[in-house]
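Me: Zoom in on one acidic side chain where the chains come together, please. I'd like to know what it pairs with, and then what the surfaces around it are made of.

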Amino acid sequence: MSPFAYRKPAALDEALALAGPGARFIAGGTNLLDLMKQDVLRPKLLIDITGLPLRGIAPTGDGGLLIGALVSNAELARHPEVLRRYPLLSRAILAGASPQLRNMASTGGNLLQRTRCYYFYDTATPCNKREPGSGCAARDGLNRIHAILGASEHCVATHPSDMCVALAALEAKVVVAGPEGERRIPFADFHRLPGDTPHQDNNLEDGELITAVELPPTGFASHCAYLKVRDRASYAFALVSVAALLELDGGLIREARIAVGGVAHKPWRDSEAEVALIGQPPVEASFHAAADILLRDAQPLAHNGFKIELARRCIVRALSDAIGGGRP
Amino acid sequence: MTVVRSPLGQPLDRVDGVSKVTGQARYAAEFTEPGLLHGCVLGSRIARGRILAIDAEDAMDVAGVHLVLSHRNRPRMAADDESYEDADAAEGSPFRPLYDERILYSGQPVALVVADTPELARYAASLVHVEYEEEAHETDLCGLLEHAHAAPAKLPPARGDADAALAGSALCIEVEYLSPVEHHNPLEPHASTVLVQPDGSLLIHDKTQGTQNSQSYICQVFGLDPKRVRVCAAFVGGAFGSGLRPQYQLTLAVMAALKLGRSVRVALSRPQMFTFGYRPRTVQRLRLGAAANGRLQGLSHLAIGQTSRFEDFTEHVVEWSGMLYQCDNVHLDYRLVPLDVHTPLDMRAPGAALGLYALECAMDELACAVAIDPLQLRLLNYADANQNEGKPFSSKALRDCYRQGAERFGWSRRPLEPRSLRDGHELIGWGMAGGVWEALQMPASAKASLGGDGILRVSSATTDIGTGTYTAMTQVAAAEFGLPVERVAFRLGDSSLPTAPLQGGSATVSSVGTAVQQACVALKSKLFDIARQRPGSAFAGLTLEQVCFAEGRLSRRDDPDQAIELSDLIGSGAPLEARVDAKPDPRREAFSSATHSAVFVEVRVDEALGRVRVSRVVSAVAAGRVVNPKTTRSQILGGVVWGIGMALQEETLIDHRLGRYMNHDLAEYHVPVHADIGEIEVLFVEEEDLVVNALGSKGVGEIGIVGVAAAVANAVYHATGRRVRELPITLDKLL
Amino acid sequence: MNATATDEDEGRFAAHAVTLTVNGQRRQVEIQPWVTLLDLLRERLGLTGSKKGCDHGQCGACTVLVNGHRINACLTLAVMHEGAEVITVEGLAEGDALHPLQAAFIEHDAFQCGYCTPGQICSALGLIVEGEARSADEIREAMSGNLCRCGAYPNILAAIEQVLADDERRPE
């Protein structure tokens with residue numbers, strides 16, 4: 001780890017004023033310190049934001065829920081309103097990491113998790129995300145855990161968060177504060193595909209800080225499921241995960257949301273796949289058809305071809321589970 | 001008169017339990033002193049080539065950095081291979097840390113940065129710039145199988161004519177199994193703390209399975225007087241073989257201490273735990289020929305393993321195939337492919353974990369071909385003698401393992417057809433396998449002493465890597481002396497104590513336990529002599545067999561009232577001491593001695609998603625007399641957990657273009673977590689062995705894992721109808 | 001200009017005063033910001049009970065309780081814990097009287113090498129405080145952030161189940 005200066009501002013504007021090149025905000029630190037110890041990141045200044053008043057969970061005017069950026073993952077997962085109205089979010093959070101990490105990790109920080117690509121973590125190897133222009137070692141290397149959708153020749157990394165898959169399905173908004181004031185970023189626009197700038201995971205501007213995540217009023221509490229498939233029963237990143245939300249009406253699907261994790265540089269959604277479900281009976285054949293649409297452009301690498309079929313089956317399973325309420 | 005229950009066979013709580021649950025037990029990196037310096041290792045990013053330049057200027061400019069050590073400025077080291085050979089060395093030319101500019105594998109230490117704090121050392125290490133000249137490397141075993149050479153291993157001679165027997169068999173199975181590189185990953189990373197004593201001698205706390213192995217290695221390599229180097233390992237946070245050879249952190253820490261004349265600690269990071277020994281990747285080819293009734297006619301087993309360019313690592317992979325079943329036509333072969341990697345290293349049940357994975361999967365395939373129950377096939381081919389050696393077993397209760405294990409598991413209800421059992425999304429499968437491990441005994445020494453305080457102090461240089469040595473040896477000594485365990489203190493983990501072999505191969509109870517027992521007998525004999533020679537002694541003219549040691553007293557067997565307190569015999573003088581060098585009983589030579597097991601496994605496989613869960617395991621073990629059923633059961637449980645990891649999860653992934661392990665952390669190198677482990681039941685079958693050693697006890701450190709991966713793979717087949725012949729059985733292989 | 005000058009110019013090696021309570025004892029330390037809570041405990045306060053198995057939150061051996069919550073001490077900066085109440089494995093027993101979890105771990109032989117044990121025990125304590133896990137499967141899941149390479153999982157589960165059951169039987 002490289003040495004860094006440390007400041008702990010007491011107010012938001014003070015924190016924003018400290019931001020600048022070489023500075024980073026720290027809250028839970030579970031991924032930032034991890035990467036600093038590996039020399040992947042070398043900030044010169046850490047701005048400790050844990051003193052900021054961003055710990056509330058409160059209803060919004062339109063019936064949604066505003067979650068402060070510093071709310072821990074554990075606290076969020078067990079919050080009564082979340083359990084009652086957004087059970088998908090709770091389940092997704094609890095499918096990730098460990099109780100210890102969930103006690104530390106913050107809501108805002110979870111959105112900023114970096115990929116678990118082996119090459120990104122190992123500074124002895126090339127990686128465009130870590131060192132733009134150095135090349136992508138994963139593309140022709142070990143890529144069993146890598147992307148099948150939306151990848152580029154420069155980067156085939158996936159986003160590792162479970163919580164974000166749920167937030168993508170729920171169509172949350174990311175509330176950010178910056179030098180230009182506050183703005184709300186629809187979740188689908190928050191994370192980026194790698195393209196030729198894989199070092200940029202998201203669309204935050206320099207100096208901007210996530211202050212909250214806003215959930216819309218609808219939580220699909222009756223018909224939701226989060227399915228995570230990984231290489232061991234717990235405490236591992238997803239090979240594929242699926243957040244499925246359904247709204248049923250008279251035995252037919254009125255609305256459907258499918259977000260897939262572990263397959264792309266961001267939680268993957270496909271409106272065509274979701275639209276295809278509208279008006280269909282909630283049966284496996286409909287789910288298969290939607291999965292086929294969602295995966296139509298999937299591109300396998302040398303070792304991750306299985307993810308295409310796995311994702312297809314996970315989508316079908318998650319949608320099936322969602323009908324029953326999502327408790328398998 | 002109260003009957004004293006012998007502590008042998010009792011489920012005694014670990015005597016070191018309190019120190020471990022309160023955080024008081026100190027491991028190698030947890031000793032300190034004012035002014036202790038910290039070393040951080042810098043590893044090579046290339047797999048083969050040489051170092052052209054090391055620029056340490058930026059690192060040395062950091063205040064608090066004392067040294068950037070490399071081959072350029074290291075202290076003098078021995079120049080001959082022999083000096084680097086340790087008690088577990090493989091054949092060849094051992095790796096020499098920081099010796100010269102040659103790079104032999106990716107991750108090889110190229111520099112050590114020594115600073116006032118661990119944080120400074122790590123930061124400064126990131127400022128050291130190394131320039132390499134890269135050469136082409138090869139790390140892929142499977143691409144180089146034709147280049148394999150015969151392993152320097154003494155295999156049992158071929159018997160009969162395997163090829164002819166296979167050709168003439170009614171049924172023949174020919175199969176290939178693959179296993180990946182696995183790393184030990186004890187939870188405590190390797191570390192060495194070298195404390196320079198006021199007289200200049202070295203007190204070293206090392207993570208090792210052999211304090212004397214580390215001591216002699218250091219003395220040989222640096223030309224030091226063994227009297228001035230003491231290596232301790234009071235607690236070892238797991239090892240599983242990783243501590244059988246002195247690892248490079250020890251060499252580097254000593255180098256820095258010698259160079260600076262100061263105390264230095266070097267603790268490896270988790271990724272660095274992937275930069276020395278490991279279980280080698282193997283390709284195994286088996287041919288089994290059987291008569292229509294399933295009786296084995298011929299067997300051929302070839303294993304090809306990877307090794308380094310500098311050493312030929314060998315383990316017992318194929319031997320088991322010549323001894324577990326009765327078969328008169330057997331051909332065993334073992335070959336190695338040298339690669340640009342570090343030398344492999346013994347890892348829990350070295351060789352057997354691999355060989356029996358292949359053999360027991362092949363037996364399952366044969367059972368399917370014959371269309372009989374796999375347990376039935378094994379009973380049909382039961383070996384009463386070890387045909388490899390042409391010797392009877394000193395004891396072998398494997399039949400009881402099969403029977404009792406099957407009964408407890410409910411094996412008789414198993415449908416023969418795969419894909420017969422289902423529960424919702426899940427297919428259920430039952431598989432089994434047998435296991436075997438040699439019951440070794442090595443020479444070992446121990447010392448016993450009794451002082452006026454009535455405490456029996458026993459010691460040996462052995463270690464306790466979690467196996468329960470402290471506890472078992474306390475029980476052996478207490479039993480022999482008729483003392484309650486509270487009055488016995490056992491010391492270990494110190495090279496200055498009586499000689500002990502490396503702690504490995506499940507041989508500690510057998511080797512050190514025998515020495516402890518004999519030391520106690522010798523001490524009893526001395527006490528008896530004193531008692532006998534006292535004027536008017538009630539013991540005059542008696543032999544040791546005619547007296548009894550119990551509750552700290554010596555008494556006549558024929559007249560228990562004639563007794564004397566042992567403390568009276570010693571008085572207030574110096575403690576009475578006895579030291580012995582124990583050797584395996586020559587009676588062993590006429591026999592083959594082995595521990596056996598039968599493992600029964602239930603798996604549940606999500607049919608659509610390929611997820612495999614091991615829901616139930618019964619492991620029945622025949623290991624002679626069990627010294628402590630509580631800690632021994634734990635050993636087997638641990639072995640089963642290892643077997644589950646081996647079957648389903650563990651694999652160190654190497655990028656062959658870079659020649660580098662890439663999942664070198666505990667997030668991506670998967671070992672089982674709590675949620676992976678279902679019910680595990682352990683049975684110990686009765687097995688009396690009067691030959692193996694006076695305790696009648698065989699070791700259990702390895703046998704728990706042997707066969708488990710095969711049983712899981714066989715259960716997966718039974719559940720799904722799919723044979724996955726490549727470990728680990730990750731879900732992608734079942735989609 | 002060398003690295004040192006730059007670093008010092010920007011205050012990157014500056015020490016910060018931190019006061020925190022460890023096992024009921026107030027501790028005041030001067031530390032640089034890059035010192036993790038784990039390294040503060042192990043290297044500066046002599047509390048080596050909390051272990052370093054991976055230093056990256058991937059094994060759980062460093063688990064301690066901070067303000068009543070179990071966390072990985074390796075992935076948090078000590079400087080961020082001004083005023084915190086930290087409990088480590090050294091703070092569980094009262095004199096010679098072991099904490100019920102410690103006693104249950106011994107009774108059920110819930111460890112072998114002992115290296116993951118302090119983390120397992122602190123994690124189990126956190127689990128009990130959380131009060132959510134009850135069934136064997138729930139306990140297994142809630143303990144999955146603590147690796148045990150010796151494979152003592154079934155015994156750890158038994159130890160925790162016993163303490164939970166004893167807690168339930170005990171009248172309020």
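**C:Asp55 and the surfaces of chain C**

Reply: Start with C:Asp55, whose side chain meets that of A:Lys37 in a salt bridge, 2.8 Å from N to O. By salt bridge I mean a side-chain nitrogen of Lys or Arg within 4 Å of a carboxyl oxygen of Asp or Glu. C:Asp55 also forms a salt bridge with B:Arg122, and there the closest N and O atoms are 3.3 Å apart.

A word on the ground rules. This is a predicted model, so local features need pLDDT of at least 70 and side-chain atom pairs count only at pLDDT 80 or more, while totals for chains, interfaces and linings use all residues. Residues are numbered from 1 along each chain as its sequence is written, chains are lettered from A and ligands numbered from 1 in the order in which they are written, and side-chain values use heavy atoms, with hydrogens and water left out.

Now the A–C side of things. The count between chain A and chain C is 2 salt bridges. Add to that 12 residue pairs in polar contact across this interface, both residues at pLDDT 80 or more. (A polar contact is a pair of N or O atoms within 3.5 Å; within protein, one must be able to donate a hydrogen and the other to accept it, and residues adjacent in sequence count only if both atoms are side-chain atoms.) On the chain A side, the elements that give two or more residues to the surface touching chain C are β1 (5-7), α2 (32-37), β3 (45-48) and α6 (99-104) of chain A. Of these, α6(A) gives the most, with 5 residues. Helices here are DSSP runs of H or I, at least four residues, and strands are runs of E, at least two, numbered from the N terminus. Sorted by class, that side of chain A has 15 nonpolar, 10 polar and 7 charged residues. For the classes, Ala, Val, Leu, Ile, Met, Phe, Trp, Tyr, Cys and Pro count as nonpolar, Asp, Glu, Lys and Arg as charged, and the others, Gly among them, as polar.

In total, 32 residues of chain A are in contact with 35 residues of chain C, contact meaning heavy atoms within 4.5 Å. The area buried between chain A and chain C is about 2,800 Å², with carbon and sulfur atoms giving 56%. Buried area is the accessible area (1.4 Å probe) that two parts lose on being put together, summed over both. If you want names, A:Pro3, A:Tyr6 and A:Gln100 supply 23% of what chain A buries against chain C, more than any other three residues.

Over to the partner of B:Arg122, the C–B interface. Here the contact takes 53 residues from chain C and 65 residues from chain B. The area buried between chain C and chain B is about 4,700 Å², and carbon and sulfur atoms give 56% of it. C:Gln112, C:Arg149 and C:Tyr153 supply 18% of the area that chain C buries against chain B, more than any other three residues.

The charged pairing you asked about belongs to a bigger tally: between chain C and chain B the count is 7 salt bridges. The same interface has 28 residue pairs in polar contact, with both residues at pLDDT 80 or more. Chain C brings plenty of helix to this surface: α1 (3-9), α2 (37-44), α3 (100-107), α4 (117-130), α5 (136-142) and α6 (153-169) of chain C each give two or more residues to the side that touches chain B. That side of chain C divides into 23 nonpolar, 16 polar and 14 charged residues.

To put C:Asp55 in context, a search of the whole structure finds 80 salt bridges over all chains. Some sit within a chain, including the one between A:Glu81 and A:Arg84, with the closest N and O atoms 3.2 Å apart. A:Glu81 and A:Arg84 both lie in helix α4 (residues 80-85) of chain A, 3 residues apart, about one turn of the helix.

So, back to your acidic side chain: C:Asp55 pairs with A:Lys37 and with B:Arg122.
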